[in-house]
Amino acid sequence: MSDLKPLKPLDDTRLGALREGFAANPVNRLAMNAVTLGGIDKVARNYDRARLLQRRFSVTVDNGKVTSQARSGRCWLFSSLNVARFVAKRNLGVKDFEFSQNYAMYYDKLERANYFMQDMAALHAAGEPEDSRLVQHLLHDVMGDGGQWTMAMNVYEKYGAVPKDLFPETASSQNTGQMNTNLRAVLRQGVARIYAGEDADAVVAQTVAAAHRVLTIHLGTPPTSFDWEWTDDDGHFHRDGEITPQEFWAKYVDAGLEDYVCLVDDPRAEHPKGRKIGIEHLGNVVGGTPTEYLNVPVEFMKDCARRILSDDGIPVWFGADCHPMMDRENGAWATDLFEYGSVYDFDFSMDKETRVRFADSAMNHAMAFVGVDVADDGRTTRRWRVENSWGEKIADKGYFTMSDDWFGEYVYEIAVPKSMLPKDYLAALDEPAIMLPAWDPMGALAR
């Protein structure tokens, strides 16, 4: 590193030139006056684009009242359960129903503690140094709330699901910060003990037991069976008797979601379309389905989402970089919704591939498509209706509108039935995945 060019300090001469350059253009002062008073989004909001982004769609799936993940990063669980609850509501004959996201998070975190500890013990046994980039990355990233579609299906396949009123939210499920901090300390201490030379199997068992205690204290003891009875919207009472969460999932969520494939748009040229991508050390359930994606063009993803909404009439899970060009209050995304470049006098023109390469964009939030506006040709998509999990006090009672061009730039994943794939994509599922390192942007988790 001694050959690096010396760094230049920001001295008075350079500071003076910056100040003079700013003052030389009166538009800069107008921008400063407006932004300091109203904030950048109010100043840069493209009025014409915002008013023309309509909330009407040729295809709409009604999923009822939106859910709220509160102060947690469980969007991937909320959105996958929002797809599942649509199926369950149809089978139950009700309009209002919600699964327990607390139940799903409990078992995800317990399984993830076990996965992490066994993974770290294996790395130690293989001679991976404690200060390696991999070990430090895994230690830093442990026990967040985020996840992926496949990870959610791993939980539902093993543990099923329960109605929300049978395992409701707690203070910690709605605000996970302190619980996660304590869980991280438990797991990191376990790894430190392994690297200090203690018996790895004993440490793993003791650490998972400690994580179980922490989770149960914060989230409660989840039911292993329950009496299920309900009244449908026609006023008919039903009693199903005692049922396990696994039986409940199998009986009422019968849409084959476990067999879906997660499609991803990795725009980097070295990762060819039509190939599987996997992320090393990314998972939650030991023995579950690996977290892998089939890399496809984004236009194929759009077509699949359109067909599921139009033909099957159920919501579509997807993951996106939700922050760019988002009007959170009014519930809108469009690539030209804010004119930041005009305010800052700067050209924000990186394409999707460049943004991914240089850490400017990655999937960070999961939601569900519940509508699409299709042109008269029956194929061209124009805009999308999105069920979010941020509550009903924003947007259109919690539902957002996404322009089709924003989909192309910032949507990275969708989950679709395997049966939708053409023969060459089906064949690719049987081929080994291109494995990417744990810190690759395609391994980003939805929160």
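In this predicted model, Ser72 is found in the loop between strand S1 (59-60) and helix H5. Ser72 has a relative accessibility of 10% and therefore counts as buried, the limit being under 20%. Its side chain takes part in two kinds of polar pairing. One runs to the backbone oxygen of Gln69, at 2.5 Å. Another joins the side chain of Ser72 to that of Arg74, at 2.7 Å. Beyond four places in sequence, Ser72 touches Asp145, Ser173, Gln174, Thr176 and Arg447.

Arg447 also appears among the contacts of Cys75. Cys75 is found in helix H5, which covers residues 75-92. At 0% relative accessibility, Cys75 counts as buried. With residues up to four places away left out, Cys75 touches Gln69, His365, Ala366, Ser389, Ala446 and Arg447. Gln69 thus recurs: its backbone oxygen is reached by the side chain of Ser72, and Gln69 is in contact with Cys75.

The UniProt record, an unreviewed entry, carries the annotation "active site" for Cys75, His365 and Asn388. These residues span 314 positions in sequence, yet no two of their C-alpha atoms are more than 9.5 Å apart, so they gather at one spot. Contacts link the annotated residues. Cys75 touches His365. Asn388 also touches His365, and a polar contact of 2.8 Å joins the side chains of Asn388 and His365.

Asn388 is found in the loop between strand S11 (381-387) and strand S12 (399-403). Its relative accessibility is 1%, so Asn388 counts as buried. Apart from residues up to four places away in sequence, the contacts of Asn388 are Val66, Thr67, Asn82, Trp333, His365, Met367, Gly398 and Phe400.

The nonpolar interior was examined next. The largest nonpolar core has 136 residues. Leu263, Phe369, Met402 and Ile414 have the most contacts inside this core. Helix H6 (residues 101-125) gives the most to the core, with 12 residues. The surroundings of Phe369 include two of the other residues just named, Met402 and Ile414. With neighbours within four places in sequence set aside, Phe369 is also in contact with Ala305, Leu309, Pro315, Val316 and Phe318. Trp384, Arg385, Val386 and Phe407 are further contacts of Phe369.

Open and enclosed spaces were then surveyed. The largest pocket has a volume of about 510 Å³. Its lining holds 18 residues. Met325, Phe348, Ser349, Arg355 and Tyr410 lie nearest the pocket centre. Helix H14 (340-344) and helix H16 (404-410) are the elements that give two or more residues to this lining. H14 gives the most, with three residues.

One cavity of 30 Å³ or more was counted. About 40 Å³ of space lies in the largest cavity. The lining of the largest cavity is made up of Val264, Ala362, Met363, Tyr412, Glu413, Pro441, Met442 and Ala444.

Definitions and conventions: Residues numbered from 1 in each chain as written. Predicted model: local features only at pLDDT ≥ 70, side-chain atom pairs only at ≥ 80, totals over all residues. Heavy atoms only, no water. Core = buried A, V, L, I, M, F, W, Y, C linked by side-chain atoms within 4.5 Å. Buried < 20%, exposed > 50% of the residue type's maximum accessible area, 1.4 Å probe, protein only. Helix = DSSP H or I, 4+ residues; strand = E, 2+ residues; numbered from the N terminus. Contact = heavy atoms within 4.5 Å. UniProt positions renumbered as here; feature names shortened; annotations may be inferred. Polar contact = N/O pair within 3.5 Å; in protein donor to acceptor, adjacent residues only side chain to side chain. 1 Å grid on protein atoms, 1.4 Å probe; cavity = no way out; pocket = protein on both sides within 12 Å on 5 of 7 lines; lining within 4 Å. Points joined across faces, edges and corners; volume = space filled by probe spheres on them.
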